Amino acid sequence: MQKYGCCNAAYVVGDVVMLPVYSHSVFNEAFYNLILRVSRLSGTADYVPITVSGELLSELDMLCEGERLSVSGQLRSYNKLVEGSGRLVITVFGKNIIKLSKEAECDNEIRLVGSVCKPVVYRKTPLAREITDILLAVNRAYGKSDYLPCIAWGKNARSLQTLSVGDSISIVGRLQSREYTKRDENGNTSVRTAYEVSINEYELL
């Protein structure tokens with residue numbers, strides 16, 4: 001299996017924690033969502049959303065929770081209307097999907113080439129950890145683009161805080177998930193999951 005593409009490539013190996021559920025259809029082709037748990041070396045895990053066609057799923061035997069899969073494809077984004085407001089949804093669009101043995105190592109690698117499409121935000125956490133938030137526009141076929149949130153830490157954060165809108169960059173990282181609490185205008189709270197590409201390597205183009 002080819003692991004990487006030219007400007008938007010995702011390769012994930014993890015365990016099924018949410019079985020496929022119907023998402024939508026395009027030109028009479030059904031697509032399904034599932035979630036993989038991808039362990040990090042630290043022992044924590046990311047919960048990676050996957051979108052895959054019913055045709056690809058039909059090539060597999062019946063999936064069970066806990067089975068280990070490899071998925072290669074692209075990282076995609078789309079806007080979804082939730083409770084009257086737009087929300088950016090991030091997913092790995094699977095083009096190849098294979099069952100693996102439990103001995104196979106987990107993997108989580110994203111490769112992107114894109115342009116900065118809004119001013120970057122440099123900040124420090126209460127523990128003085130440096131972070132730079134970047135939103136990349138990554139082109140795909142038919143004149144469409146994916147808008148993908150990325151995050152840099154430490155030395156990379158200091159270097160990338162100087163990026164300007166329109167700058168092009170190539171990055172290698174992983175898709176990380178994190179939970180946060182959202183409070184609405186009535187004071188009600190809900191727990192949500194955010195996804196972003198944590199940058200390990202980069203090259204200014």
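A polar contact is a pair of N or O atoms within 3.5 Å. Keep that cut-off in mind, because at 3.2 Å the side chains of Ser198 and Trp153 make the grade. What you're looking at is a predicted model, and the tour below goes from that serine to the nonpolar core, the cysteines, the ring pairs, a few strand residues and one loop.

**Ser198 and its surroundings**
- You'll find Ser198 in strand β11, which covers residues 189-204.
- Ser198 is buried, because its relative accessible area is 4% and anything under 20% gets that label.
- Setting aside residues up to four places away in sequence, Ser198 touches Ile151, Trp153, Val172, Gly173, Arg174 and Gln176.
- Trp153 thus turns up twice here: as a residue touched by Ser198 and as the side-chain partner in the polar contact.

**The nonpolar core**
- In soluble globular proteins, nonpolar side chains tend to be buried together.
- Here, the largest nonpolar core has 38 residues.
- Leu36, Val92, Leu112, Ile134, Leu136 and Leu175 are the ones with the most contacts inside that core.
- What does Leu112 touch, once neighbours within four places in sequence are left aside? Its contacts are Cys7, Asn8, Leu136, Val138, Leu148, Cys150, Ile169, Ser170, Ile171 and Val197.
- Leu136, one of those contacts of Leu112, is also on the list of residues with the most contacts inside the core.

**Cysteines**
- How many disulfides are there? The count comes to zero.
- Take Cys106: the nearest cysteine sulfur belongs to Cys64 and is 18 Å away, so with a cut-off of 2.5 Å there is no disulfide for Cys106.
- Cys106 is partly exposed, at a relative accessible area of 24%.
- Cys7, listed above as a contact of Leu112, is partly exposed too, with a relative accessible area of 25%.

**Ring pairs**
- The count of aromatic pairs is two.
- One of them is Tyr22 with Tyr32, an edge-to-face pair with 5.9 Å from centre to centre and 80° between the planes.
- Tyr22 sits in strand β1 (residues 8-26) and Tyr32 in strand β2 (residues 29-39), so this pair ties together parts that are ten residues apart in sequence.
- Are these two tyrosines buried, partly exposed or exposed? Tyr22 is partly exposed at 48% relative accessibility, and Tyr32 is partly exposed at 25%.
- Phe31 and Phe93 also pair up: their ring centres are 5.9 Å apart and their planes are at 35°, so this pair counts as tilted.
- The phenylalanine pair links distant parts of the chain, with Phe31 in strand β2 and Phe93 in strand β5 (residues 85-100), 62 residues apart.
- Both Phe31 and Phe93 are buried.
- Phe93 has a charged visitor as well: the charged end of Arg76 sits over its ring, 4.4 Å from the centre.

**Three buried strand residues**
- Gly114 is in strand β6 (residues 107-116), and it counts as buried at 5% relative accessibility.
- Gly114 and Leu135 are 21 residues apart along the chain, with 9.3 Å between their C-alpha atoms.
- Neighbours within four places aside, Gly114 is in contact with Leu136, Ala137, Val138, Asp167, Ser168 and Ile169.
- Ser53 belongs to strand β3 (residues 45-53) and is buried, with a relative accessible area of 8%.
- Beyond its neighbours within four places in sequence, Ser53 has contacts with Glu29, Ala30, Phe31 and Tyr32.
- Leu34 lies in strand β2 and is buried, with a relative accessible area of 1%.
- Leu34 and Val52 are 18 residues apart in sequence, and their C-alpha atoms are 8.2 Å apart in space.
- Val52 is also among the residues that Leu34 touches, not counting residues up to four places away, including Val16, Met18, Leu19, Pro20 and Leu69.

**The loop between β1 and β2**
- Most residues other than glycine have a negative phi.
- Phe27 has a positive phi of about 50° although it isn't a glycine, and it is found in the loop between β1 and β2.
- Asn28, in the loop between β1 and β2, also has a positive phi, of about 65°, without being a glycine.
- Buried or exposed? Phe27 counts as exposed at 83% relative accessibility, and Asn28 counts as exposed at 81%.

Conventions:
Residues numbered from 1 in each chain as written. Predicted model: local features only at pLDDT ≥ 70, side-chain atom pairs only at ≥ 80, totals over all residues. Heavy atoms only, no water. Helix = DSSP H or I, 4+ residues; strand = E, 2+ residues; numbered from the N terminus. Buried < 20%, exposed > 50% of the residue type's maximum accessible area, 1.4 Å probe, protein only. Polar contact = N/O pair within 3.5 Å; in protein donor to acceptor, adjacent residues only side chain to side chain. Contact = heavy atoms within 4.5 Å. Core = buried A, V, L, I, M, F, W, Y, C linked by side-chain atoms within 4.5 Å. Phe/Tyr/Trp six-rings, centres within 6.5 Å; stacked < 30°, edge-to-face > 60°. Lys NZ or Arg CZ within 6 Å of the ring centre and 35° of its normal.
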